[in-house]
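Open your viewer, clear any old selections, and get ready to pick residues one stop after another. What will you find at each stop?

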Amino acid sequence: MMREYDFIGHRKKWFTLSAVIIVVGILFMLFRGFNLGIDFTGGSILERGFEREVTAQQIKSVLADSELADLGLGGSVVQLLGDKTDAIIRTKTLTNDEIQQVDSALESAFGQVDARRTEVVGPVIGAELIRNAMLAIVIGWLGILVYVSIRFEYRFGVAAILAVIHDVLVVMGLFAIIGREINSPFVAALLTVVGYSINDTIVIFDRIRENLRYRKRESWAEVANKSINQSLARSINTSLTTLVVIIALFLFGGESIKDFVLALLFGVAVGTYSSIFFASPVWVWWKERDDQRQKAAARA
């Protein structure tokens, strides 16, 4: 029989690790801030057609070239369309003269350029997007809390929500630390991470509930530890197969989805971690705390 690992017995280490990562991430959020994309800050969207196939990297090289250095377009996002003769360039807000500079530089590099669309996204839309994103996340948390509380008990529900909040904060903190762009696909990735994380947590909680039916003299920690070990192979195998696909997307999926895929990569890894090392230990801590209060009340 395989030796069981004592996940719950080392919970202070896991709590400390999570706290350090979250605190460092929050410090970066507060003092350096996020690298917000034009979805949030506003900017210009240029759709351009070319005479021949181009790559996103070639276009980004032109935008970062010395000819356009004073415009600071090195962080622009380029997305190829269709047969790779069309591209959408998302960049900071540009004036008409600056847009003409960009078109001239592109024509010098690739020949005739067809200006198919030029739009300006205002920061008001970005503020609305932030509100809607936060609202969607909070509604998701409340829905999870209600469902898990009804299906299991409210302690499971609160522990699951804390684990999801932990995952969101860690992913946001990591993006703040490495300076990757925050945009609407990133918000979509966060919502995906929330769903993935809660699914893995529910599997472990369901195993705990089953083992509680046969509990005799086992402590809460022993029941949770046994349940995590019984679910461990499933959690690891599911996460690894998911990560293989995500890593393939990150390596070969193209520049336009890299930030989205990176958020998923962080989220799946952190979600698996929190399901095993955070959610269940929080539930055990709460149950033990309740037992201590009941014993103290009985002695009084």
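Start by selecting Thr 91 and showing everything around it. Leaving aside neighbours within four places in sequence, Thr 91 is in contact with Ile 38, Gly 43, Ser 44, Leu 73 and Ser 76. Colour by secondary structure and you will see that Thr 91 sits in strand E4. Keep in mind as you go that this is a predicted model. Is Thr 91 buried or exposed? Its relative accessibility is 5%, so Thr 91 counts as buried.

**Next stop: Ser 44**

From Thr 91, move to one of its contacts, Ser 44. Ser 44 belongs to strand E2, which covers residues 43-50. Turn on the surface here: Ser 44 has 0% relative accessibility and therefore counts as buried.

Which backbone atoms lie by the polar side-chain atoms of Ser 44? Draw two distances to find out. One runs from a polar atom of the Ser 44 side chain to the backbone nitrogen of Leu 94, at 2.9 Å. The other runs to the backbone oxygen of Lys 92, at 3.5 Å. Now widen the selection. Not counting residues up to four places away in sequence, Ser 44 touches Ile 38, Ile 89, Arg 90, Thr 91, Lys 92, Thr 93, Leu 94, Glu 119 and Val 120.

**Into the cores**

Select Phe 205, Ile 208 and Trp 283 together. In the largest nonpolar core, which has 52 residues, these three touch the most other members. The elements giving two or more residues to this core are helices H5 (123-151), H6 (154-178), H7 (184-212), H8 (220-252) and H9 (258-299). Helix H9 gives the most, with 13 residues.

Zoom in on Trp 283 for a closer look. Setting aside neighbours within four places in sequence, its contacts are Glu 153, Arg 155, Phe 156, Ala 159, Ile 208, Leu 212, Trp 220 and Ala 224. There is also a second, separate core, made of 20 residues, and Leu 63, Leu 71, Ile 89 and Val 113 are included in it. You have met Ile 89 already, as one of the residues that Ser 44 touches.

**Two helix residues to click on**

Go to Phe 277, in helix H9. With a relative accessibility of 17%, Phe 277 counts as buried, because the cut-off for buried is under 20%. Show Phe 7, Trp 14 and Phe 15 as sticks: Phe 277 touches them, not counting residues up to four places away in sequence. Then add Ile 8, whose C-alpha atom is separated from that of Phe 277 by 7.6 Å, although the two are 269 residues apart along the chain.

Now pick Ile 198, which has its place in helix H7. Ile 198 is buried as well, with a relative accessible area of 11%. Outside the residues up to four places away in sequence, Ile 198 touches Ile 144, Ala 160 and Val 164. A C-alpha to C-alpha distance from Ile 198 to Ser 275 will read 7.8 Å, and the pair is 77 residues apart in sequence.

**The pockets**

Select Gly 75, Ser 76, Val 77, Glu 181 and Asn 183. Of the 30 residues lining the largest pocket, these lie nearest its centre. Strand E1 (35-36), helix H2 (38-41), strands E3 (77-81) and E4 (86-91), and helices H7 and H9 each give two or more residues to the lining. The space in this pocket comes to about 600 Å³. Colour its lining by class and you get 8 nonpolar, 14 polar and 8 charged residues.

For the second largest pocket, select Phe 40, Met 134, Met 172, Ile 182 and Val 187, the closest to its centre of the 13 lining residues. Its volume is about 200 Å³. Helices H5, H6 and H7 are the elements giving two or more residues to the lining, and the largest share, 4 residues, comes from H5. How many polar and charged residues line the second largest pocket? The lining has 13 nonpolar residues, no polar and no charged ones.

**Last stop: Ser 108**

Finish at Ser 108 in helix H4, which spans residues 96-110. At 61% relative accessibility, Ser 108 counts as exposed. For a final distance, join the C-alpha atoms of Ser 108 and Val 62: they are 9.4 Å apart in space and 46 residues apart in sequence.

Key: Residues are numbered from 1 along each chain as its sequence is written. This is a predicted model: local features need pLDDT of at least 70, side-chain atom pairs count only at pLDDT 80 or more; totals for chains, interfaces and linings use all residues. Side-chain values use heavy atoms; hydrogens and water are left out. Buried means under 20% relative accessible area, exposed over 50%, partly exposed in between (1.4 Å probe, protein chains only). A polar contact is a pair of N or O atoms within 3.5 Å; within protein, one must be able to donate a hydrogen and the other to accept it, and residues adjacent in sequence count only if both atoms are side-chain atoms. Contact means heavy atoms within 4.5 Å. A nonpolar core is a set of buried Ala, Val, Leu, Ile, Met, Phe, Trp, Tyr and Cys residues joined through side-chain atoms within 4.5 Å. On a 1 Å grid over the protein atoms alone, a cavity is a set of points where a 1.4 Å probe fits but cannot get out, and a pocket is an open set with protein on both sides within 12 Å along at least five of seven lines; lining residues have an atom within 4 Å of a point. Grid points are joined across faces, edges and corners, and a volume is the space filled by probe spheres set on the points. Ala, Val, Leu, Ile, Met, Phe, Trp, Tyr, Cys and Pro count as nonpolar, Asp, Glu, Lys and Arg as charged, and the others, Gly among them, as polar.
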